[in-house]
Amino acid sequence: MKLIVGLGNPGYEYVYTRHNIGWLIVDHISTLKNAPSPSKKFGGEFWMTGTSRGTALLKPHTWMNLSGASVREVFDFYKMDTEDVLIVCDDAALPFGKLRLRAKGTAGGHNGLASVIGALGTLEVPRLRVGVGNKPESGNMRNWVLGHFADENRNELPVLLDKAAEAALLWAEEGIEKAMNVANIKKATSVL
């Protein structure tokens, strides 16, 4: 089984914030795959997409900084390997729309990713970082990631969701190398 985890925060006020791009992408994948309604378990929303390879989706409801607890529950229940878990999260160091897929690495200052790495006990956790744009020089990082998308970014969001979902599903169905070759090439708002 493959598990695609979208990181985010519960609560209506966070729905369209930069920090919740992982949740938006997982919701988009569930729509693309005509997945049934999610179950409330593993500390979040969990569902199978119905694909032949057994891809599951997870939106932890443990708050961003405690996401690892929810991921660990699924990981242990299904006796998974870390290479079979993809974390989808925002990255304020990448321009809006740029995707960066990696097989392993540090959290890079992302508290949700740090929580997952800590819970699984390894840096070898695949992750799809989704560029939400750099914060203004005078801005506060917390306010930036918890802020809503600017109008011009909101208009580009459907294309970004399509490209990120495509990359995540390619990872699940054909492996990380093939997905990296596609996702890491160009900005997500251009044709991959």
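This passage walks through a few features of a predicted model, from its strands to its salt bridges and its surface.

A good place to begin is strand β5, which covers residues 85-91. Of its 7 residues, 7 are buried, so the strand is largely enclosed by the rest of the structure. Strand β5 has partners that can be followed in the model. It runs parallel to β1, to which it is joined by 4 bridges; Ile4, for instance, has Leu86 of β5 as its bridge partner. Strand β5 also runs parallel to β7 (residues 127-131), and here 5 bridges join the two. One of the residues involved is Asp91, whose bridge partner in β7 is Gly131.

Asp91 appears again when side chains are considered. It forms a salt bridge with Arg129, with 3.3 Å between the closest N and O atoms. Because Arg129 belongs to strand β7 and Asp91 to strand β5, this pair ties together parts that lie 38 residues apart in sequence. Both Arg129 and Asp91 are buried.

The structure contains 9 salt bridges, and two further examples lie within helices. In helix α2 (residues 67-77), the side chains of Asp76 and Arg72 meet at 2.9 Å, N to O. These residues are 4 positions apart in the helix, which means that about one helical turn separates them. Asp76 is partly exposed, at 41% relative accessibility, and Arg72 is also partly exposed, at 28%. In helix α5 (residues 151-174), Asp151 and Arg154 are 3 residues apart, again about one helical turn, and their salt bridge has an N to O distance of 3.1 Å. Asp151 counts as exposed, with a relative accessibility of 52%, whereas Arg154, at 42%, is partly exposed. Elsewhere, Asp27, Glu45 and Lys59 are joined into one network by salt bridges that share partners.

Helix α2 also offers a buried residue to look at. Ser67 is located in this helix and has a relative accessibility of 0%; it therefore counts as buried. Leaving aside residues up to four places away in sequence, Ser67 touches Leu7, Pro60 and Thr62, as well as Gly112, Ser115 and Val116.

The surface, finally, carries a nonpolar patch made up of Met1, Met48, Phe77 and Tyr78. Together these residues have about 360 Å² of accessible area. Met1 sits in the segment before β1 (2-6) and is partly exposed, its relative accessible area being 32%.

Technical notes: Residues numbered from 1 in each chain as written. Predicted model: local features only at pLDDT ≥ 70, side-chain atom pairs only at ≥ 80, totals over all residues. Heavy atoms only, no water. Patch = residues over 30% accessible without salt bridge, like charges linked within 9 Å, V, L, I, M, F, W, Y side chains within 5 Å. Areas by Shrake-Rupley, 256 points an atom, 1.4 Å probe, with all protein chains shown as cover. Salt bridge = Lys/Arg side-chain N within 4 Å of Asp/Glu carboxyl O. Buried < 20%, exposed > 50% of the residue type's maximum accessible area, 1.4 Å probe, protein only. Pairing = 2+ DSSP bridges. Contact = heavy atoms within 4.5 Å.
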